[in-house]
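Me: I have a model open and would like to talk it through before I use it. May I show it to you?

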Amino acid sequence: MKAKVLLLIVFSIFIVAFRSGNDNLFVVPAYFPKPVYNFEKNPLSEQKVLLGRLLFYDPQLSRNNMISCASCHSQFSAFTHIDHALSHGIEDKIGFRNSPALMNLAWQKSFMRDGAVNHLDVQALAPLSNPVEMDESLVHVVSKLQQSKIYPQLFYNAFGDSIITGEHTLKAISQFMLTLISANSKYDSVMRNESVFTAQEYNGYQLFKKNCASCHKEPLFTNDEFMNNGLALDSSLNDFGRYRVTKNTEDSLKFKVPTLRNIEFSYPYMHDGRMKRISEVLDHYSFGIQKSKTLATELKQPIVLSPTEKIDLTAFLLTLTDKSFLFNPKFFYPKEIFQSTAKD
Amino acid sequence: MRNVKYLFLAVFLFVHSFTIGQVNAIKFKILPYYSTYQRSINDTAFQLSSASDYKIDVLRFYIANIRFYKKDSLVYQEQKSFHLCDASIPNSNRFLMSKSENVTFDKFQFDLGIDSTTNVSGAMGGALDPTNGMYWTWQSGYINFKLEGRSNSCDTRNNEFQFHLGGYASPFSSLQTVTFNVKNSRDFILVLDLSQLLNNVDLAKQNHIMSPSKEAVKFSKLVAQSFRCIEQ
């Protein structure tokens, strides 16, 4: 009888610990919707997130061991590649698109600018295998990790198995990416009634709600849909966006609506990085829209704003900057671990 | 101490029942055939020799969700079963259905490839691990069937042909269902007749398919039609 009670106590401690462990790693404001990601199939744990963080920063994931995920997704720019319209990868080869900023990925139904990837777990396969990005194969990455001094133990800590598999490698990377939550901007503190907008920001917020929010839907600032926002086709790229995946002409020139969170730090903008400044983006919506069959109905009429309104709207967009995300030490390059192994 | 004895007995009975049961379990063996010969891809007879001949380098495909029917009602289905058959890996072409000893049936069916739900469920292990070379990287989705080789009729680099058939979403869903009416046997050989398959394809005109497309759907149907079932 005593043993049974003890067993019950041990068991209930296990459940409680598991849940809270999960909660600590994935803290979400009450006004956020329910995540899309199915955590039941890949429950978060400290060890798995740590392993994912190491993999995210490890250049062994590339063919020449020089490019990591972070090469095109650096934290201070909201995990994108600033200063380059088209991101560049291995041996400075130029990519096809501007790398997207990474945050709040648990709420995304699909990934990449064209939604070619259907699940966060398999997202990393795309840059890993792309010949101008990391030019590696998952099977070879697994064998490199298996031979390393640190990874078999880290995989054991995370998954209870030191035999490294593709599944575990991908799930660990997912775990780290799932923790990249940006929900602590000034906008968020206003939503939580912890602070107030300035008059200018408030005016900008009203303009935003009237003109932008149907596609850049709060609180994630994207509706996660594919839309044609009236960009002229760049004939040097001939990128038809979503059409490339579905081969459906109705999807021609449609791209995933990006989040506007941390927009201040995630320039340049658009799928091909053609715009460097927020003012250029606003000008595009005022007088740059190209009409075509698949143009978003929301943009059939241009968004005409006065110069003052543009400044107010910009002031609001800057309230989406989340410094506690951009400089969160939990997401830093794991210097301690990499340096300690370098000495071996 | 008594408990330990019982434990041993239970383990013994469990293991024993399993081995007895296996004798009568339903077994499958998949064999690629070319012409009248059974071939393995390491077989020298598979080498290019004449204008009409082929050399197969890769033959790999999924047989999944095998289900058994009696008078059209489902009597048994292997749960979450995905068998990756690879002509270059001995024994990857044999499998037995667990707990199928008492199943009686007159028809069985399997998926040639991976269903759409599994295709959108993230990273998975075992036969479904993306390291098996059966998962696309630039676009999500499993490759259901992979056939690579050479033929003199291909006017391509090294006379190569490559068929990677997949696609889970409409209108390019290439998943095929293969059905056989059978007697209530326990031993089945599924023969994939490659000569029939390749005779139905004009390799001079069509020698590579690498993405979900109309062509992939059409070719997948040809593959499904190239299976025969031999009962033993």
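Reply: The turns below take up confidence, then the fold of one chain, then the interface.

Me: To begin with, what ipTM and pTM does the predictor give the complex?
Reply: This is a predicted model, and the predictor gives the complex an ipTM of 0.83 and a pTM of 0.87.

Me: And what is the mean pLDDT of chain B?
Reply: The mean pLDDT of chain B is 85, with 81% of its residues at 70 or more. Over residues 16–21 of chain B, however, the pLDDT is below 50, and this stretch has 1 contact in the model beyond near neighbours in sequence.

Me: Turning to chain A, how many helices and strands are there?
Reply: Chain A has 14 helices and 2 strands. Its C-alpha trace spans about 75 × 50 × 40 Å along the principal axes.

Me: Why does the radius of gyration of chain A agree with a compact globule?
Reply: A compact globule of 344 residues would have a radius of gyration near 20 Å, and chain A has 22 Å, so the two agree. Of the residues of chain A, 41% count as buried. Among contacts in chain A with a separation of 6 or more, 69% are between residues 24 or more positions apart.

Me: Now the interface: how many residues of each chain are in contact?
Reply: In the model, 21 residues of chain A contact 14 residues of chain B.

Me: Which helices of chain A each supply at least two of those residues?
Reply: They are helix 4 (125–129), helix 5 (138–147) and helix 7 (166–178) of chain A.

Me: And the chemistry of that side: how many are nonpolar, polar and charged?
Reply: The side of chain A that touches chain B comprises 11 nonpolar, 6 polar and 4 charged residues.

Terms used:
Residues are numbered from 1 along each chain as its sequence is written. Chains are lettered from A and ligands numbered from 1 in the order in which they are written. This is a predicted model: local features need pLDDT of at least 70, side-chain atom pairs count only at pLDDT 80 or more; totals for chains, interfaces and linings use all residues. pLDDT is the predictor's confidence in each residue, from 0 to 100. Two residues are in contact if their C-beta atoms, placed from the backbone, lie within 7 Å. Helices (H or I, at least four residues) and strands (E, at least two) are DSSP runs, numbered from the N terminus. Ala, Val, Leu, Ile, Met, Phe, Trp, Tyr, Cys and Pro count as nonpolar, Asp, Glu, Lys and Arg as charged, and the others, Gly among them, as polar. The radius of gyration is taken over C-alpha atoms; the globule rule is 2.2 Å times the number of residues to the power 0.38. A residue is buried if 20 or more other C-beta atoms lie within 10 Å of its own, exposed if 12 or fewer, and partly exposed in between; C-beta atoms are placed from the backbone.
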